[in-house]
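These notebook entries record what I looked up in one protein model. I kept them brief and in the order in which I worked.

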Amino acid sequence: MPVTKQQPKRDNKKPIACHRCHAHKVKCSGGQPCSRCRRAGCDDECQYTLRDRKLKVQESYLDELLTQNAQLREQLRSISTPQSSSATTAEGSIPQESYPPVQNPLHGERAWFYPYDPSAPPIYMGDAACTAFATRLRQFLTGDPNTAHVARTQYTPESSLLEGATQWPGLAQARLLVRIAFNQLSRVYHLFLRKSTIEHLESIYRTPSLRDDPAVMCKFFALFALGEVYSSRANSSSTGRVPGTLYYVRAMGLIPILPERPGVIHVESLLLLSLYSYFLNRRHSAYMLVGSAMRLGLILGLNHNIPERQCTDPIERQHRVRLWWAIYVFDRMYTSKFGFPLQIRDEDIHVDMPTDVASPAAEEQFSDTAYSVASIRLSQIIGQTIDKIYCRKQHAESFLQREQQLLLALQDWLKSLPEHIKLRSEDSPPPKHIVSLHLQFNQCVILATRPILLHALLHHSNRDDSEDLPQPVITLSEACIHAARHSHALIIEEWVNGSLPMYGYFYAQYFFSSCIALVISSLLPTIGNPADLESLDTAIEILHRMSEHGNLAAAEFYENLKRVKKTLATNSGVVNDSHERRSQTPRHSLASLSAGGPAADPHAISIVPATGYTTEMAFLEPTMQDFLGRSENEIDAIQPYDLFIDDHATIAAWPATMWTS
């Protein structure tokens, strides 16, 4: 009797989930490893499968995972150099690959360069730059990782700075220009002694021979340049030149060779010139000038307390202290615009914080001490943000742990803020220097959290992924959106009041940054609000007006926003062409919102009053307090393993038509 071969039973069971997918309660693709584990870099994770889909993960297993995580973190901290962690080392150490590769979901492992001139090397682009973030957004919307970055061409070229210079203005004009510069600068930055500088100016006109000193000439021509650009009214220049450029050219011509034995006046001049460089949208020049100021400051020992016996005048001692911290604030502020490395570490600074000087004469020399300290503390957090979020070094903490550290620091900054420096409802309009400080705070929040906001957008686009976003990702995205809405409302209010600096760089940049975040908010209806897209039209219109009056930075940001809007319209059809919208809007609509214009048309532009938001609001949310109160192990347990952008695959896989549904 022939033996009938028994047919194998058909296995109709579903693929067995791996530990990671089961623990996160998400669908597993199967395979060893599964697709999710491959993205997380854990190639061996799927070797250990759950034999029973109904089996509960035991608490002892979770404890073991947390213990192993803590051990790996301690081992990583013990590795002193990148070389020792790049490969499998002796027993007791770990390969670098065994730690989650998440550094910042905005960038991969390679630096980002973009071509500018075929005859010149490509330009490095730091991911902390707002225009870089806008390019990342456009790459996502098009689904094309090769979507070109918008080259910066709206700046004053060197050829324009070789065209003539100017002489000393009359005494009356010089007094006005210096006082205007004082009024705009001294409450925000300490760059000079107010009374001493005025007295020095008077002595120069009494004794013309004092003008022969190049250091003196450089300082005052830099002040004249700033005074002229701040005093310029909102009228287009017939020459297309930024007001004050000729004074700037004259001052720059006096520092081709830096002094071997510098004085404090040289540091003052370099800081003033670096600040004016932003009006020309010469950001790289500004960065180099503040770098030179820092080196001179180190030569002078400004980062140390000078003994009283070597500097007996308390005003001069305090001037040294505050001048150093001005260098520090500029370095952190400029670095946050580019994503370049910090030029000095906090541990190399040994000078005290600014203090009040017990002298009646000091009140005429210095501005509010509490404001200066608050600005410095915020700059320290900005530096930490660049180091923790945008630096490419290997971190011992996970990405969300670093986010938590930064937001805790920002919350502490808010709590310690003196009452007179807060944005108060009774101050209408609030002082400009207070608005400036809070705009910088909001920008720090945006800078820290917008990688998470972009991650949320990427997650939202993956229709095949059924995993819900972890609550901390939602919380951080909401914080970014809130900060963007607050900044947007504050700047609109400044425009309405006619106090927005027409040639200013920083307000234009904050406006642009907040607008990009709000565009993403409009595309995330479960986290943000589709109505936030209205901010795009508002920002385009105001930046266009500023660029028409000669603001070069506004012209650059305006061009970037036009590209974003065009990409949205091309890929989703939800946005009309900006020029069509502008043709339907009365040409006086935005002009009427500035001081001195006709009555405002309430239907011409969407304006959200700044009183609807507070700086503290995002930190008072229960979900934010829950995130800030989590332990390291709890943060590790909800760390999203797909929080990583691969240079080769991920961006190319973004769908270009995700907004059609």
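Entry 1, terms. I call a residue buried when its relative accessible area is under 20%, exposed when it is over 50%, and partly exposed in between, using a 1.4 Å probe and protein chains only. By this scale N281 is buried, with a relative accessible area of 0%.

Entry 2, basis. The model is predicted, so I note that local features need pLDDT of at least 70 and side-chain atom pairs count only at pLDDT 80 or more, while totals for chains, interfaces and linings use all residues. Residues are numbered from 1 along each chain as its sequence is written, and side-chain values use heavy atoms, with hydrogens and water left out.

Entry 3, the whole protein. I found 22 helices and 2 strands; these are DSSP runs numbered from the N terminus, helices being H or I of at least four residues and strands E of at least two. The protein has 661 residues, of which 52% count as buried. It exposes about 30,400 Å², and carbon and sulfur atoms supply 52% of that area; accessible areas come from the Shrake-Rupley method with a 1.4 Å probe, and for residues only the protein chains shown count as cover. I then looked at contacts, meaning heavy atoms within 4.5 Å. Among those between residues at least 6 apart in sequence, 75% join residues at least 24 apart.

Entry 4, N281. I returned to N281 and located it in the loop between α10 (264-279) and α11 (283-300). Its phi is near 55°, a positive value in a residue other than glycine.

Entry 5, salt bridges. Side chains of opposite charge can pair when their charged atoms come close. I counted a salt bridge where a side-chain nitrogen of Lys or Arg lies within 4 Å of a carboxyl oxygen of Asp or Glu. The count comes to 17 salt bridges.

Entry 6, R345. I found R345 in a salt bridge with E347, the closest N and O atoms being 3.7 Å apart. R345 also forms a salt bridge with D348, where the closest N and O atoms are 3.1 Å apart. D348 counts as partly exposed, at 29% relative accessibility.

Entry 7, helix α18. Where in the sequence do E541 and R545 lie relative to each other? They are 4 residues apart in helix α18 (residues 534-548), so about one helical turn separates them. Their side chains meet in a salt bridge (3.4 Å, N to O). E541 is buried at 13% relative accessibility, and R545 is buried with a relative accessible area of 8%. I next noted that salt bridges sharing partners join D331, R332 and D346 into one network.
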